[in-house]
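Please read the following walk through the model with the sequence and the coordinates open side by side, pausing at each residue as it is named.

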Amino acid sequence: MQDHLQAHVLAGDVVMLRAGGLQLLVYQAEIETNDFLQQHLMPYQQDFLILSDAVLHAKPQLYIAIDEHMGSQQTSAQRFLLTKFFGCDWLWCWDDVRIMLDVKLPIRPLPARALAENSPLLGLVELDAPTFITSAPLLIDYLENNLRGAHV
Amino acid sequence: MSNNAPSAAWLLPVCQDLAVAVPLVCAQELLEHPKMIAMPSARADCTGLINWRGQILSCLDLRATLARAPRANMGSYAQVLAFVHKGGEVAYISLSLTSAPYVVHITNNMSYPLPSDLASFAHILPAAVMVENQVVPILDLQQLLLN
């Protein structure tokens with residue numbers, strides 16, 4: 001195992017997703033919809049999760065907030081930008097969403113020694129802050145693994 | 001029993017009752033209050049990443065690696081270390097430290113057994129030397145990177 005991967009370039013239409021101090025980058029083609037949060041959300045005891053006020057409904061909508069501060073208190077409408085990835089019913093909450101078209105960004109490799117086995121992170125690019133490259137399927141898998149045992 | 005212990009080494013404080021030694025030549029730079037890149041889904045002993053001269057390095061907390069304490073936030077220092085793989089490639093890694101490392105001279109070239117509570121870490125601490133009347137394990141950087 002080497003601590004460095006080969007350098008590559010990320011090219012195409014991408015979307016920066018910011019949650020607290022964390023910035024992620026995914027390909028735009030992986031995103032089905034972007035929208036503003038339309039309702040109040042209630043905090044939930046499980047990390048990464050916010051449940052909507054529709055908790056009394058038979059099938060409440062799950063909202064995912066991956067920064068720990070995002071789900072720590074009741075959340076007002078318009079607080080978050082929401083993203084829905086293709087193939088996933090969850091709505092993901094972000095502080096900021098920025099679409100960037102036709103980019104060519106040099107990828108900084110991540111040291112393999114730093115990454116957990118199921119890490120969804122693929123590399124790093126420098127925008128206004130270090131930004132991790134990921135993909136929707138990897139993010140979803142990672143969250144599903146971390147949500148095992150949650151009563152959702 | 002003799003070993004290939006260095007005659008001078010950097011002593012890296014891990015916690016109050018433990019320090020590890022690395023060969024003098026391994027130390028590249030000591031960063032004070034390093035700017036850390038927080039990284040989700042990091043391994044249990046990784047405090048994050050640092051950008052060192054354009055290279056993204058993992059920053060490890062040896063307290064967590066050696067099961068002395070849970071991983072903590074970045075310490076006051078990051079010691080950037082380098083070593084040569086068997087293939088000749090130079091690799092870098094950084095360690096998060098709460099206090100500054102310092103150079104020690106090893107006059108006793110004897111190898112000492114690891115303290116029993118560190119026996120399970122013999123793969124990264126293959127030998128120990130006596131420094132200032134303390135048994136100090138020698139850190140194998142290549143194995144640390146591989147494990």
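Trp92(A) has a relative accessibility of 0% and therefore counts as buried, the cut-off for that term being under 20% relative accessible area. This value, like the others that follow, is computed from a predicted model. Phe85(A) is buried as well, and the structure holds four aromatic pairs over all chains. One of these pairs is made by Phe85(A) and Trp92(A), whose rings meet edge-to-face, with 5.3 Å from centre to centre and 65° between the planes. Trp92(A) also pairs with Trp90(A), and here the centres are 6.0 Å apart while the planes stand at 50°, so this pair is classed as tilted. Trp90(A), with a relative accessibility of 14%, falls under the 20% limit and so is counted as buried too. Taken together with Trp94(A), the residues Phe85(A), Trp90(A) and Trp92(A) are linked by ring pairs into a cluster.

From the rings one can turn to the helix that packs against strands of chain A. Helix 1 of chain A covers residues 136–146, and its buried residues are Ala136(A), Leu139(A), Ile140(A), Tyr142(A) and Leu143(A). Viewed down the helix axis, these buried residues of helix 1 of chain A fall within an arc of 160°, which means that they line one face of the helix. The general background is that an α-helix has 3.6 residues a turn, so residues three or four places apart point the same way. In chain A, the buried residues of helix 1 pack against strand 2, strand 6 (62–64), strand 7 (81–85) and strand 8 (91–94).

Strand 2 leads on to the sheet. Five strands of chain A, in the order 9-1-2-11-10, form an open sheet with mixed pairing. Its edges are strand 9 (96–107) and strand 10 (123–126) of chain A, each of which pairs on one side only, and the twist from one strand to the next averages 40°. Within this sheet, strand 2 (residues 22–27) and strand 11 (residues 130–133) of chain A pair in the parallel sense over two bridges, and Leu24(A) stands opposite Phe132(A) of strand 11 of chain A.

A last stop lies in chain B, where Thr65(B) belongs to helix 1 of that chain, residues 62–65. With a relative accessibility of 14%, Thr65(B) counts as buried because the limit is under 20%. Apart from neighbours within four places in sequence, Thr65(B) is in contact with Asp45(B), Phe121(B), Ile124(B) and Leu144(B), and also with Arg113(A).

Terms used: Residues are numbered from 1 along each chain as its sequence is written. Chains are lettered from A and ligands numbered from 1 in the order in which they are written. This is a predicted model: local features need pLDDT of at least 70, side-chain atom pairs count only at pLDDT 80 or more; totals for chains, interfaces and linings use all residues. Side-chain values use heavy atoms; hydrogens and water are left out. Two strands pair if DSSP finds at least two bridges between them. Helices (H or I, at least four residues) and strands (E, at least two) are DSSP runs, numbered from the N terminus. Axes are lines fitted to C-alpha atoms, for helices over the stretch in contact, and angles run from 0 to 180 degrees between N-to-C directions. Rings of Phe, Tyr and Trp (its six-membered ring) pair if their centres lie within 6.5 Å; planes under 30 degrees apart count as stacked, over 60 as edge-to-face and the rest as tilted. Buried means under 20% relative accessible area, exposed over 50%, partly exposed in between (1.4 Å probe, protein chains only). The arc is that of the directions from the helix axis to the C-beta atoms. Contact means heavy atoms within 4.5 Å.
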